[in-house]
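Visitor: I should like to learn how to read the interior of a protein model. Where might one begin?

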Amino acid sequence: MRGPVVVVGDTLLDRDVEGVVNRLCPDSPVPVLDETSAVDRPGGAGLAAVFAAAQGADVVLVTALADDAGGARLSALLAAAGVRVYPLALRGATPEKIRLRVRGRVLLRHDRGGASGEPGQPSDEVLRVIAAASAVLVSDYGRGVARQPALRAALAATRAPVVWDPHPRGPAAVPGVHLATPNEAEVRDLVPALPGASRLATASRGAQGLRRRWRAGAVAVTLGGDGALLCHAGSTPLVVPTPGSAEGDTCGAGDRFAAAASLALAEGALVSEAVQAAVAEASAYVAGGGVAAVLPPVRPAGETASRAPRSATSLPGGGDRVGVAAVAALLAEVRAAGGTVVATGGCFDLLHAGHVATLQAARQLGDCLIVCVNSDASVSGLKGPDRPVMAEGDRARLLAALGCVDAVLIFDEPTPDAVLSWVRPDVWVKGGDYATGGGDSTALPEAEVLRRWGGNTVVVPYLDGRSTTDMIARSTGQTTEAAPAFGQPAAVSVSMTREGTR
């Protein structure tokens, strides 16, 4: 592959809640589900991206993320799956789909998130990554990303093979896509069937109609457990049967099909070869247990959520300045006023004057300051088992008490990449002597992440001689070599503006 596989589309937060039913509700004749386990996963385009990344591909996801807890959770889940997120702003709430299940069967699905929000403009970096892709999959879930005019222009202009997985509420595919992959129901919605026509005749007529309407190279109609029907320039369709019969949870099978076809095209396969590979992959996926086979281990109900990324949880007792809810409210307020978000991150173990100087400098350059703090587990991974000296809760509370800090967020990962993809700061600032300001700012480790939404990186001065490591060494009578004030790759991240302060 010459470039990444790029997935473009709407991402949802899916949750499977498993439980048991032993009784009816006393005030209504409905079953009572006692929850035993629950697991979150990216849905929609996010699930297709996770499937592609699981095959070892370099995957970029262009999607819209809301400024809420659901958006933070999605960002963390996608980062953990190895997907590079190029986020667009999203007005409104994260769409969520919650499936209540008993013995593997769905009892009820609960959707929330409201009407579709309007996605923001893509950055120049988003348009460049689409142009450089080895293949592009448009996973449309009818919530607006596939309608974005600048994205559509980039999709129409790219030389990469484009696979379009449509939605009845979504727009038409851009002209010239290599392959469209509707299912039977979507074909019937888009091209009305003739009365009395057989199943294959209806699928073939619909596929040919969509191929002409969208000027697509080919259309493959997925037929569930019976495989797929491929229509291309020839008059005779190709029927690709499944390798064997498979029963099971089909949730996500269409995403698996589209992702597999995209990966095959990225490797240079013919469209017919790509469809055959996709049928085989989707069939094996259903036979192997469906979406449950690609989920992380299920956490029993009631167990502590410490293994969940802290970028998606609030700190108990942290007040109204600590946690995702606090950050989400701040982001909504500042962005509604047209302000600039400042974010900084680091361990902040034993808060000292060097930390405060950097935080004050950052706050002066924007309209708010969000501090992203490494969790205890993250600090230990970066600095050794003897660190941190102060627990994450105490570190967060001390930072939140500073007048220059507007909100604090704790994250578990070694770097703040997932948190940054959700917060989307306008400018990221590194403190300490990590860089002098005289070199190329792209050398900063998080600079590539900031470029995904058009952010910039700068460095602010620090107070010489201040170092947590040195402070610990002096207090214990040890000697150490000089250490940078914030000297770890995950140290200080700040997002700020050159305009006035709030």
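Guide: We shall take the nonpolar cores, and then a strand with its partners; please note that this model is predicted.

Visitor: Which residues touch the most other members of the largest nonpolar core?

Guide: In soluble globular proteins, nonpolar side chains tend to be buried together. Here the largest nonpolar core has 47 residues, and those touching the most other members are Val7, Val59, Val83, Leu179, Phe257 and Val275. Elements that each supply at least two residues include strand S1 (5–9), strand S4 (59–66), helix H7 (253–266) and helix H8 (271–287). The largest share, 10 residues, comes from H7.

Visitor: With which residues is valine 275 in contact, leaving aside its neighbours within four places in sequence?

Guide: Valine 275 is then in contact with Leu179, Ala220, Ala228, Leu230, Val240 and Phe257. Apart from the largest core lies another, of 40 residues, with Val136, Val174, Ala207 and Val219 among them.

Visitor: How should one read the two faces of strand S9?

Guide: In a regular strand the side chains alternate between the two faces of the sheet. Strand S9 (residues 162–165) is covered on both: Val162 and Trp164 are buried on one side, Val163 and Asp165 on the other.

Visitor: Which strands are joined to S9 by bridges?

Guide: S8 and S9 run parallel and are joined by 4 bridges, with valine 136 opposite valine 162 of S9. S9 also runs parallel to strand S10 (residues 179–180), through 2 bridges; there, valine 163 has leucine 179 as its bridge partner.

Visitor: Which helix belongs to the β-α-β unit with S8 and S9?

Guide: Helix H4 (residues 149–157) does, and the unit is right-handed.

Key: Residues numbered from 1 in each chain as written. Predicted model: local features only at pLDDT ≥ 70, side-chain atom pairs only at ≥ 80, totals over all residues. Heavy atoms only, no water. Core = buried A, V, L, I, M, F, W, Y, C linked by side-chain atoms within 4.5 Å. Buried < 20%, exposed > 50% of the residue type's maximum accessible area, 1.4 Å probe, protein only. Contact = heavy atoms within 4.5 Å. Pairing = 2+ DSSP bridges. Right-handed = clockwise from strand over helix to strand, strands pointing away.
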